[in-house]
Amino acid sequence: EHVAQTRLGGAKLIVVANREPYIHRYRDGEIEWIRPAGGLTTALDPVMRACGGVWVAHGSGDADLEVSDSKGRVGVPPDDPSYTLRRVWLTKEEEEQYYYGFANSTLWPLCHQVYCRPTFEPAHWETYRQVNEKFAEAVLEEAQGGPALVFVQDYHFALLPSLLKQARPDLIVAQFWHIPWPSAEIFNVCPWAKQIVEGMLGNDLMSFHIQSHCNNFLETVDRTVECRIDREKFSVTRNEHETQVRPHAISVDPDLAAEYLGDDWERNAARIRRKYRLGDLPILVGVDRVDYTKGIPERLNAVDRLLDQHPEWKGKFHFLQIGAPSRTHLPAYRDLNESVHQLAEQINWKHGKDRWKPVILLNEHHGPKDVTLLYRMAAGCVVTSLHDGMNLVAKEYVSARSDEQGALILSNFTGASRELTDAILVNPFDVQEVATAFHEALSMPSEEQRRRMRRMRKTVSENNIYRWAGRLLSEVGKMVDDPLEMDSD
Ligand code: F6P
């Protein structure tokens, strides 16, 4: 039985994202499901639970086919279905060239401007185009028979909006770009910049996390295609179709943390302390996919610097890094993984004494319950991205701290730093500044932690994921004849 399709003001909600929110896979001959690491699925799943509808995604688990109907559909969440997940099946070659290739070796480094040179392979581009067409077919099938609002996610689908609009001009199409948009100079080195921008102008609403990404996008459009730009209204008109460009900062469901922690979290915390031999020392925690945009070597170097400058911290804290393996087929990711391991080992060798090691590296995927537990246990959470659209780890950490304790060390180059100004803000390229921030976090008086955390919690609780979705969807609703209504509280 599939979940009833909820309609927003008469329109069916269809979300399209490369990543599926639930992955079914075989383990020891049994089918199990997991939640993937990364902000996008974590943020959108609660919205879909609340609204219902269909989520179209690449079926990436080896048991996905097993649990789907003939169209690739299954009700999710698996233990209490409230919306439909429709899988699109990609061949190995498509995955190689569209996901690892164009999305993650071209667009990802291009948009993050972090000194990893993007590749520009015609074959990757061609497959990216074909996969966008494949998704368009699936979405059009799901949208048959009535009005629909298609909410496209991220850089995997730059061409999808115009493909949808051409086939069904009546569809309402909005896109959210979860990563930064670079300056026009940077974006225009891409040989297919024009086609990408034209694809995105199929949207009625094109949204980014923050205003400066919107500004960069408008500038790129201005230099790339023939169109009319209204800088007051922040809109682009091309071939008589208007695209509004707006910032909407994504967020989290602040109530989920309490649910994940449960009543016996203290017992579980004691278990984790025993398991990783943490004693009762304070912990600084980092939770990331192992990705070169996250600044993981930079923060390890800062641990080294802290221990050089403040040897009194030796034996007095642990730095615990969860590094969820990510995109491991790509050499840049494999190399990073290797160098993070080596760096952690060097630091532990240099500063460790007796059984104490400063760095504990957990190089595996952890579910949201364990991650939330670590947030709750940690004296500080460390986010040192070199460039990041938003970074939801920062907001998850804050939402886990109903005790109003803990310090957040946050990179200036994340979207989150615009809202969470009570964090200890750092330039992750400045090792000294990060080391000083660690010292400050570990020594911060409880009253100051409370003062800062209270304000950050207020921000996250007010600007939560439901407000993000509500504002974005009702904004796109206002742009079309039949306004969509969605409660944004
Ligand atoms: O927006 C960033 C993103 O691409 C999201 O899809 C997700 O949050 C994260 O990176 C994970 O990446 P992937 O889906 O490639 O594992």
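**Figure 1. A loop residue beside the ligand: Asp154.** Asp154 sits in the loop that links strand S8 (148-153) to helix H5 (160-167). In this predicted model, the residue has a positive phi of about 75 degrees, although it is not a glycine. Is Asp154 buried, exposed or partly exposed? Its C-beta has 19 neighbours inside 10 Å, and 20 or more would be needed to call a residue buried, so Asp154 counts as partly exposed. Asp154 is also one of the residues surrounding the ligand.

**Figure 2. The shell around the ligand.** Let's widen the view from Asp154 to its companions at the ligand. Arg19, Gly38, Gly39 and Leu40 are part of the surroundings, together with Asp154, His178 and Ile179. Arg289, Ser326 and Arg327 complete the list. Sorted by class, this shell holds four charged, four polar and two nonpolar residues.

**Figure 3. The open parallel sheet.** Here six strands line up in the order S16-S15-S14-S17-S18-S19, with parallel pairing. Which strands stand at the edges? They are S16 (359-362) and S19 (424-426); each has a single partner strand, so one side of each is left without a neighbour in the sheet. On average, neighbouring strands are turned by 20 degrees against each other, ignoring direction. Zooming in on one pair, strand S17 (residues 380-383) runs parallel to strand S18 (residues 407-411), and four bridges join the two. For Val383, the bridge partner in S18 is Leu410.

**Figure 4. Helices packed on the sheet.** Helix H13 (residues 368-377) packs on this sheet and touches strand S14 (283-289), strand S15 (318-324) and S17. The direction of H13 makes about 150 degrees with that of S14. Helix H15 (residues 431-443) packs on the sheet as well, touching S14, S17, S18 and S19. For H15, the angle with the direction of S19 is about 170 degrees.

**Figure 5. A cis peptide bond before Pro77.** If you follow the backbone from Val76 to Pro77, you will find a cis peptide bond, with omega near -10 degrees. Pro77 belongs to the loop between strand S6 (73-76) and strand S7 (83-88).

**Figure 6. Two more loop residues: Asn391 and His329.** Asn391 lies in the loop between S17 and helix H14 (392-399). The phi of Asn391 is near 80 degrees, a positive value in a residue other than glycine. With 25 C-beta neighbours inside 10 Å, Asn391 counts as buried. His329 is placed in the loop between S15 and helix H12 (331-351). How many C-beta neighbours does His329 have inside 10 Å? There are 11, so His329 counts as exposed. Pro368 is 39 residues away from His329 along the chain, and their C-alpha atoms are separated by 24 Å.

**Figure 7. Stepping back to the whole protein.** To place the close-ups, here is the full model, with its 17 helices and 19 strands. Its radius of gyration is 23 Å, close to the 23 Å given by the globule rule for 489 residues, so the protein is as compact as a globular protein of that length. Along the principal axes, the C-alpha atoms fill a box of roughly 65 × 50 × 45 Å. Buried residues make up 48% of the 489 residues. Among contacts with a separation of 6 or more, 75% come from residues 24 or more positions apart.

Conventions: Residues numbered from 1 in each chain as written. Predicted model: local features only at pLDDT ≥ 70, side-chain atom pairs only at ≥ 80, totals over all residues. Rg over C-alpha atoms; globule rule 2.2 N^0.38 Å. Buried ≥ 20, exposed ≤ 12 C-beta atoms within 10 Å, placed from the backbone. Contact = placed C-beta atoms within 7 Å. Pairing = 2+ DSSP bridges. Axes fitted to C-alpha atoms, helices over the stretch in contact; angles between N-to-C directions. Near = placed C-beta within 6 Å. Nonpolar A, V, L, I, M, F, W, Y, C, P; charged D, E, K, R; others polar.
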